[in-house]
Amino acid sequence: MKRYPWTVVAVFAVIAGISLVSLLKPPVYYSEHERRFLAQKPQWKISDILSGDFTGDYEVYLTDQFPFRDAWISLRTAAERVLGKKESNGVYLADDGYLIERHTREDMDETVFRENIERTARFVKQAEEITGKGKVKIMLIPSADSILTDKLPAFAVGLDQSELMSRVRQALPDQYVDAASILRKHREEEIYYRTDHHWTTLGAWYGYQAWAQETGIPAWPAEAWHVEEPDYDFYGTVYSKVHVKVPPDRIQIYIPAEEISYEVNYNGGERITGSLYAYDKLGTRDGYEVFLNGNQPLVKITRSKGEAAAGAGMQTNDTAGNLLVIKDSYANCMIPFLVNHFNETHVMDLRYLWPDIPAYIRENDITDVLILYQTVRYSNSSLYRLEHGK
Amino acid sequence: MVFSSFVFLFRFLPAVLLVYFLVPRIYKNLALFLASLIFYAWGEPLYVGLMIFSTVTDYIHGNLVDSFLNQNRRLAAKCAVASSVIINVLLLGIFKYSDLLIQGINLAAHTQIPLPELPLPVGISFYTFQTMSYTIDIYRREARPARNIIDFGAFVALFPQLVAGPIVRYETTDLQLRKREINREKIVRGTLRLVTGLGKKVLLANNIGVLWQTVAAIPMDEMTLLKAWLGIAAFAFQIYFDFSGYSDMAIGLGYLFGFVYPENFRYPYMADSITDFWRRWHITLGTWFKEYVYFPLGGSRKGKGVQIRNLLIVWGLTGIWHGASLNFLIWGLYFAVLLINEKLWLLKALEKCRAAVRHLYALFFIMIGWVIFAFDHFQDGIRYLSALFGTSGLPAADRESLYLLSEYGLLLILLALGCTSLPFRRLRNLASGCCGTAAGDVQSDAVHNGIRCIGIYCIVCIGTVGILLLSIAYLVNASYNPFLYFRF
């Protein structure tokens with residue numbers, strides 16, 4: 001036993017070293033990897049100390065600011081792999097370099113889901129009174145673990161998202177747009193990012209096809225676009241949960257072959273640009289924000305009239321109404337396909353906005369509505385604001 | 001504060017070690033006492049008052065008992081001991097069992113007394129047991145009163161064993177509180193033990209705990225035979241590695257401060273009877289009940305009838321000590337029934353069986369015990385048991401069971417190995433060979449031996465540091481790092 005003094009030295013060197021680094025390291029405010037603000041050192045307050053809040057906050061602060069976070073996470077994933085685990089930190093280490101978020105039955109909330117269906121049904125009725133029948137659509141996009149099932153580890157089972165979607169379909173048979181079937185049909189293609197929880201632009205392209213078929217609006221053919229692939233290595237949110245070595249993703253941007261000009265108005269004039277894409281976001285970690293600047297409360301896109309209509313062979317004037325999209329981040333990369341069919345496209349994220357939607361529809365002469373959510377989110381976060389607008 | 005947290009590993013521990021080694025000898029107990037108060041107050045800022053109250057009361061009682069005995073007033077001394085025991089039991093009763101008692105009263109008398117719903121002070125079951133042992137040991141003349149309240153406070157509050165044991169009886173630490181030596185041997189042992197314990201808790205218990213958590217969340221109408229067995233095996237591994245890992249850390253930290261604590265676990269799943277299991281599981285609790293309840297009640301010396309009664313009392317208490325809920329009482333009595341049977345006839349019958357049969361018998365009843373332990377609601381426990389016995393009417397396995405098996409299979413095998421003494425024995429055999437005097441007669445043997453020594457040395461060194469680094473890696477992103485003894 002006496003023979004191991006160097007072990008003791010090594011152990012305490014690690015402990016002392018990490019202690020010192022974590023004491024001296026300047027605090028980081030935002031983690032681009034994890035897309036969140038990190039906890040900062042809590043202030044001493046007697047009331048917080050007595051209630052135990054201070055100690056809790058301090059522990060979160062230490063963990064958030066822990067030195068070399070990413071390296072530790074890689075080490076952990078490597079250890080899990082050695083143990084033969086195909087899953088780490090809620091992520092399947094799937095075939096072909098895919099990192100796929102795992103969803104389980106705990107990820108859905110039965111009450112919220114049921115209420116959301118009822119809410120959507122009431123909302124649809126209300127909206128259709130204004131826009132007329134057949135003009136309101138709902139689209140649920142399944143996450144990768146329920147589509148790319150061939151790539152998952154053997155026997156993997158998770159939340160049954162098709163069951164969730166079929167329940168929505170039953171409740172809203174005339175409004176439901178079936179995106180899952182077309183995605184499943186194309187599951188061999190790159191319809192989901194390998195390192196991010198979103199679908200790719202190609203996935204959204206298929207979603208656009210499903211939507212077009214359901215609305216009767218003729219989708220633009222593939223020849224009407226050319227696909228850009230900016231030189232940018234994308235490592236998404238799922239990657240930051242496991243930090244394993246996988247090839248980076250590429251973000252594709254579909255540009256109409258004919259030049260069309262847009263006016264993109266963020267949050268009622270807060271910022272106005274001429275592009276659907278925020279290319280500067282490709283210099284940051286979260287490249288998915290290139291689409292419409294990430295999550296914004298309200299975006300209004302106006303297509304310049306005349307110019308586009310002149311485009312030979314493209315039916316841009318087919319509806320020429322105004323579209324309202326109520327959505328989460330999955331919609332961001334599909335909206336560039338939709339905008340060309342309308343004069344104005346209004347994009348609303350109810351997480352950051354609490355509008356009186358029927359009034360909004362009237363005021364802005366909305367003719368078409370699309371509700372688009374990722375299935376799991378639709379099943380676990382309340383859409384209370386859909387009908388209780390202020 | 002818990003040992004498996006960054007606050008402890010990278011703030012508290014280095015600071016306390018530094019202070020402890022810098023202060024002069026006479027202040028070491030004071031330093032430990034103050035550090036322990038901070039340690040406790042970190043998680044329980046208000047209840048630290050309760051612990052100080054308990055410390056002061058029992059210190060005074062101890063001195064009273066001693067002076068009464070010196071004056072030969074045995075009755076007065078007896079009263080003082082009784083008073084100390086009553087106060088401690090009352091503390092436990094109020095803070096731990098009041099909800100359960102009132103629920104019982106409400107049920108029996110159809111009353112509507114509101115439940116106080118006091119949060120349970122962490123470690124109260126441990127430190128009240130320790131302070132009780134103090135006055136009782138003095139009364140029995142097995143220990144002298146502490147020199148001063150600082151020494152006694154250091155005994156009660158000592159942070160290594162404060163929240164989850166081992167339960168140290170005063171008699172065994174009395175001398176160490178007065179004079180203890182810190183030497184190289186203790187520091188090496190302590191460090192290795194501390195890291196081993198951390199690894200057991202963070203790498204083994206937490207990871208297999210995720211499997212148990214997953215299974216526990218599965219609705220009962222999907223609980224196949226395989227899932228149920230995977231789940232309860234996961235629970236058995238989790239509670240053992242969590243608890244014994246925590247004890248290892250406590251013992252290791254004790255060494256670093258010069259204390260030698262009693263062992264708390266001795267490969268319990270290698271037991272070949274339930275009697276044997278309880279000699280290996282949470283040993284210090286068993287010893288406490290034996291010393292202060294079972295023997296005073298007459299133990300086994302007053303005939304079979306009294307012995308059976310005593311076993312029922314001790315195991316009922318042991319059960320309810322683990323948490324204020326009926327299932328713990330049932331769990332304790334379940335073991336009492338098994339133990340009584342073993343004492344009366346079963347052990348003799350088992351002796352005739354092969355070792356494998358004896359081990360299987362013990363493991364089977366231990367696992368069934370964990371089902372009772374794990375489910376607060378008896379109904380859920382019963383349904384789980386029916387899944388375990390394949391009487392739930394479901395197929396033996398489904399996709400999900402196979403997925404869980406493939407995800408956790410290797411870890412389960414490692415855990416099963418880790419429950420035996422095999423890995424440790426192997427390492428010790430290898431290590432002992434290289435320093436043996438018998439070897440090295442021939443020159444080439446010595447060289448060969450030397451190489452092997454360096455090999456072992458590297459294994460231990462790299463292994464220890466590796467466990468530490470891996471544990472940190474798992475803690476950085478820990479979604480699951482529970483503290484299992486909050487109900488004890």
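**Exercise 1. How many of the seven residues of strand β15 (residues 368-374) of chain A are buried?**

Let's work through this one in the predicted model.

Step 1. Count along the strand: seven of the seven residues of β15(A) are buried, and the strand is mostly covered.

Step 2. Split the residues by face. On one side sit D368(A), L370(A), L372(A) and Q374(A), and on the other V369(A), I371(A) and Y373(A). Every one of these residues is buried, which leaves both faces of β15(A) covered.

**Exercise 2. Find the strands that pair with β15(A), and give a residue partner in each case.**

Step 1. Take β6 (residues 136-141) of chain A: six bridges link this strand to β15(A), and the two run parallel. Within this part of the chain, K137(A) has L370(A) of β15(A) as its bridge partner.

Step 2. Now turn to β13 (residues 321-327) of chain A, which pairs with β15(A) through five bridges, again in the parallel sense. Here L323(A) stands opposite D368(A) of β15(A).

Step 3. Join this to the first exercise: L370(A) and D368(A), the two partners named above, belong to one and the same face of β15(A).

**Exercise 3. Describe how the two domains of chain A are placed and where they touch.**

Step 1. Read off the bounds: the domain assignment gives domain 1 as 5-67 and domain 2 as 99-386.

Step 2. Look at the spacing. The C-alpha centres of domain 1 and domain 2 of chain A are 39 Å apart.

Step 3. Look at the contact: four residues of domain 1 of chain A meet five residues of domain 2 of chain A. On the domain 1 side of chain A, the class count is three charged, one polar and no nonpolar residues.

**Exercise 4. Which element of chain A gives the most to the side that touches chain B?**

Step 1. Set the scene: 42 residues of chain A are in contact with 42 residues of chain B.

Step 2. List the elements of chain A that give two or more residues to this side: α1 (5-24), α2 (46-51), α3 (53-64) and α4 (69-82).

Step 3. Pick the top contributor, which is α1(A) with 12 residues.

Step 4. Sort the chain A side by class: 25 residues are nonpolar, eight polar and nine charged.

**Exercise 5. Examine two of the transmembrane regions that UniProt annotates in chain B.**

Step 1. From the unreviewed UniProt entry, take residues 75-95 and 360-378, which are among the regions listed for chain B.

Step 2. Residues 75-95 of chain B are 100% helix and 0% strand, with end C-alpha atoms 30 Å apart.

Step 3. Residues 360-378 of chain B are 84% helix and 0% strand, and their end C-alpha atoms lie 25 Å apart.

Terms used: Residues are numbered from 1 along each chain as its sequence is written. Chains are lettered from A and ligands numbered from 1 in the order in which they are written. This is a predicted model: local features need pLDDT of at least 70, side-chain atom pairs count only at pLDDT 80 or more; totals for chains, interfaces and linings use all residues. UniProt positions are given in the numbering used here, feature names are shortened, and annotations may be inferred rather than shown by experiment. Helices (H or I, at least four residues) and strands (E, at least two) are DSSP runs, numbered from the N terminus. Domain bounds come from an automatic or database domain assignment. Two residues are in contact if their C-beta atoms, placed from the backbone, lie within 7 Å. Ala, Val, Leu, Ile, Met, Phe, Trp, Tyr, Cys and Pro count as nonpolar, Asp, Glu, Lys and Arg as charged, and the others, Gly among them, as polar. A residue is buried if 20 or more other C-beta atoms lie within 10 Å of its own, exposed if 12 or fewer, and partly exposed in between; C-beta atoms are placed from the backbone. Two strands pair if DSSP finds at least two bridges between them.
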